[in-house]
Amino acid sequence: MSPNRGAPAPLAPPAPPGREGRRAKARVGRFGAMADWAQRHRWAALLLWVAVLAAVTLGSTAAGAAYKNNFALPGTDSQTATDLFTKHGSSQAGDSVEIVLKDTQGIDQPKAAVEKMLAEVEQLPGVAEVRSPYADAAAVSKDGTIGYATVTLDGKTEAVPKAQVAKIIETAQDIESGSLQVELGGEAVRGAEEKEAPIAEMAGIVAAVIILGLLFGSLVAAAVPLVTALFAVGSALGLIIFASHIFTIADFTPPITMLVGLGVGIDYALLIFYRYRQELTDGAEPDQATRKALDAAGRTVFFAGCTVIIALLGLVALGLGSLQGVALSLALTVLTTMAASLVLLPALLAILGKRIQRHVLKHAAKTEAKGKAEGRRWRALASAVQRRPLPALVAATIALLALSAPALGMRLGFADAGNDPKTMTSRQAYDLLTEGFGPGFNGPLIVLAQGDAAAGKTVSAALAKTEGVAAASPAVPSEDGALSTVFVYPTTKPQDKGTADLVHHLREDVAPKLEQDTGANVLVGGAVAGSQDFSETVAKRMPIFIAVVVGLSSLLLMMVFRSILIPLKAALLNLISIAAALGAMTLVFQHGLFGVQPGPIEAFLPVLIFAIVFGLSMDYEVFLVGRMHEEWERTKDHSLAVREGLASTGKVITAAGAIMIVVFGAFMLSADRMLQQFGLGLAVAILMDALVIRCLMVPALMQMMGKWAWWLPAPLARWLPKVTLEAPADSPPAAKVTAAP
């Protein structure tokens, strides 16, 4: 938050020993004391971070990562089926890879080369068995030009090393010739294919440097927040590799961690650095400015970081497989960035303080000579909104609700090979199977009949006649004969709504009748059904998660601002910005806006985006409304408080928002559809929050609420502990009743 313009409070002069000296010392808050320590031990603090980063990087490199994509949900039909496959020795306990062959002269032409290749594949590590297309007429298309071999792995995709899958790909494609095309499909293949270089991360960093340079006009000043963020992200990435040996952490966690860590790290460091810069402009010496910045903006960062961590840890309680590990990793990243902002940043400011001070004062003198007042444009914007608060509020609300509307029809699921770039072998295998066998062949449902062989045959025959089913395979018994497995091929693509409807129809209508007729236990499983189970579980548990996060955050805001209306306003506006982000994601990725291939929204992204964006929105809320509250406490003039609050913080909020937007938006350059969705969702949410909500809707609502914005019923005021964001230097300690963080 910004210093009081009317009466900036200087640090008290050195006090004599005794009670007054102790009082003066007490006026430095915990964060100011932390800044003092970092400044006195600046080189030790810097070397400590360097040592931690080096140790974590070297140690994690030696240990290696142990990422696992586990989206198992105990209690669902798909997971129960998988457990039974494993228990009874069915080959379906392991996932499979399809080797798809196309020869315009017919796949019988290269039969000798294909069978030799399949024999080599069967001997490779990680392979349980191979079924040749020449041994199964159903594995060859009607025109005889396309066929497929099924390679059953000895475990689930997440348990099979990528190097082993890569060797299967290499061995299979070695026999390609002029007329013979060989492509490989399956989730294991998608995970093993080479990913592009991290151009998205680099583009985000470059864009952040440019914005920081334009904001501060100095390479040194611009480097301070960026260096702080890079130290934090580097340390967090190493710690996450260690954590992957203890917790189930998905392999897509590192890019998400870098995405969030860079955005949040630069954001937190920028808020503190901007306050430091303001203190220098007001005449404070560098060490004074650092203490004041940490005592003010440092508290805001601490509060905002804790809010993000609470929201992320709320995801752990949802019990959604490796999403719990992602949430823990992101919480660890936010914690690391917060620590870097509160410890490393003051040390860097102590080292570079004099140089930064000279630049800041020189820039301030030029601005003053031109007659430009700091924040004049933001003050003018606030005045315009205050003159007509209702039209500004209504226009902004209509725009955000219009952008949010598509989210009402959002369909959760997981991308499959049909969403991959056309250059990838998994996508080409998908297209060949669709061409030869129909769209549902890429996402078969695996129906398990727990009973005798006769029951399996009855189930297979009944499924083949079911509406929405293109074909059903003969029942395949397990090694002990206790189970029969039937592959069911829908008439629709794996991601189509028709396939989801078929899963429900089989479970709710077909399976109960078959169980009654055969006495067998019938379960519908497989990857497609498992993805649907995960998506529906997320949708079912999300309202509880939202209620818990919103409730805890609102309670914290109520303690900070001693108000009923401000927490309610903050919660509603944060939810609107998140809804707008989900609406934009639905328009682009589900409906195919801008030529993007249509498909579902990744099932875990809405809850992940909610947790991150809600916390970041609270960051801006505390920064802006806290400055308004500071002015209100000083003048008791509500209109002035609203105006000065936006004038003092508008520039840094939009700058911080711009940095996060370009960092998050850079992930649209990634070839990974999930990262594209994640980057777009976060970028849109921050854009709406930083510009529309903080610059228009919050000033309009605060003006309309008037002094009631700061109202808290007396009984509630007595019950709630008071949490202060700033400790006024001119107030004696005895007058404060606080529970400051």
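This is a tour of one predicted model, stop by stop, with what to select and what is there.

Residues are numbered from 1 along each chain as its sequence is written, and side-chain values use heavy atoms, with hydrogens and water left out. Because the model is predicted, local features need pLDDT of at least 70 and side-chain atom pairs count only at pLDDT 80 or more, while totals for chains, interfaces and linings use all residues.

**Stop 1: strand 3**

Select residues 146-153, which make up strand 3. Strands (E, at least two residues) and helices (H or I, at least four) are DSSP runs, numbered from the N terminus. Is strand 3 enclosed or open? Eight of its eight residues are buried, so strand 3 is largely enclosed by the rest of the structure. Buried means under 20% relative accessible area, exposed means over 50%, and partly exposed lies in between (1.4 Å probe, protein chains only). Colour the two faces separately: Ile146, Tyr148, Thr150 and Thr152 lie on one side, and Gly147, Ala149, Val151 and Leu153 on the other.

Now add the partner strands. Two strands pair if DSSP finds at least two bridges between them. Strand 1 (residues 96-103) runs antiparallel to strand 3 and is joined to it by seven bridges; Leu101 has Gly147 as its bridge partner. Strand 2 (residues 127-131) is also antiparallel to strand 3, with four bridges, and here Glu129 is paired with Thr152.

**Stop 2: strand 6**

Select residues 445-450. Five of the six residues of this strand, strand 6, are buried, so the strand is largely enclosed by the rest of the structure. Which strands does it pair with? One is strand 9 (residues 483-490), antiparallel and joined by six bridges; look for Leu448 opposite Thr485. Another is strand 10 (residues 521-525), antiparallel and joined by five bridges; there Val447 has Val524 as its bridge partner.

**Stop 3: the nonpolar cores**

A nonpolar core is a set of buried Ala, Val, Leu, Ile, Met, Phe, Trp, Tyr and Cys residues joined through side-chain atoms within 4.5 Å. The largest one has 151 residues, and Leu608, Phe678 and Met702 have the most contacts inside it. Helix 22 (residues 673-705) gives the largest share of this core, 19 residues. Select Met702 and show its contacts, meaning heavy atoms within 4.5 Å. Beyond its neighbours within four places in sequence, Met702 is in contact with Ile566, Lys569, Val625, Met628, His638, Val642, Ala709 and Trp710. Another core, of 26 residues, lies apart from the largest one; Leu118, Val127, Leu153 and Val165 are among its members.

**Stop 4: helix 12**

Select residues 323-369, the span of helix 12. Leu328 is found in this helix, and so is Ser341. How much relative accessible area does each have? Leu328 has 30% and is partly exposed, whereas Ser341 has 0% and is buried. Ser341 touches Thr228, Gly265, Tyr268, Ala269, Ile272, Leu294 and Pro346, not counting residues up to four places away in sequence.

Next, add Ile246, Phe247 and Leu313 to Leu328: these four form a nonpolar patch on the surface, with about 370 Å² of accessible area together. Patches are made of residues with over 30% relative accessible area and no salt bridge; like charges are joined within 9 Å, and nonpolar side chains (Val, Leu, Ile, Met, Phe, Trp, Tyr) within 5 Å. Accessible areas come from the Shrake-Rupley method with a 1.4 Å probe, and for residues only the protein chains shown count as cover.

**Stop 5: salt bridges**

Side chains of opposite charge can pair when their charged atoms come close. A salt bridge is a side-chain nitrogen of Lys or Arg within 4 Å of a carboxyl oxygen of Asp or Glu. How many does a search of the whole structure find? The search finds 17.

- Select Asp431 and Arg427: their side chains meet in a salt bridge at 3.2 Å, N to O. Both lie in helix 15 (residues 425-437), four residues apart, about one turn of the helix. Asp431 is partly exposed at 33%, while Arg427 is buried at 8%.
- Select Lys497 and Asp501: the closest N and O atoms of this salt bridge are 3.2 Å apart. Both belong to helix 17 (residues 497-518). Lys497 is exposed at 53%, and Asp501 is partly exposed at 38%.
- Select Lys636 and Glu633: their salt bridge is 3.8 Å, N to O. Lys636 is partly exposed at 49%, and Glu633 is partly exposed at 45%.

Finally, select Lys569, Glu621, Asp689 and Arg694, which are joined into one network by salt bridges that share partners.
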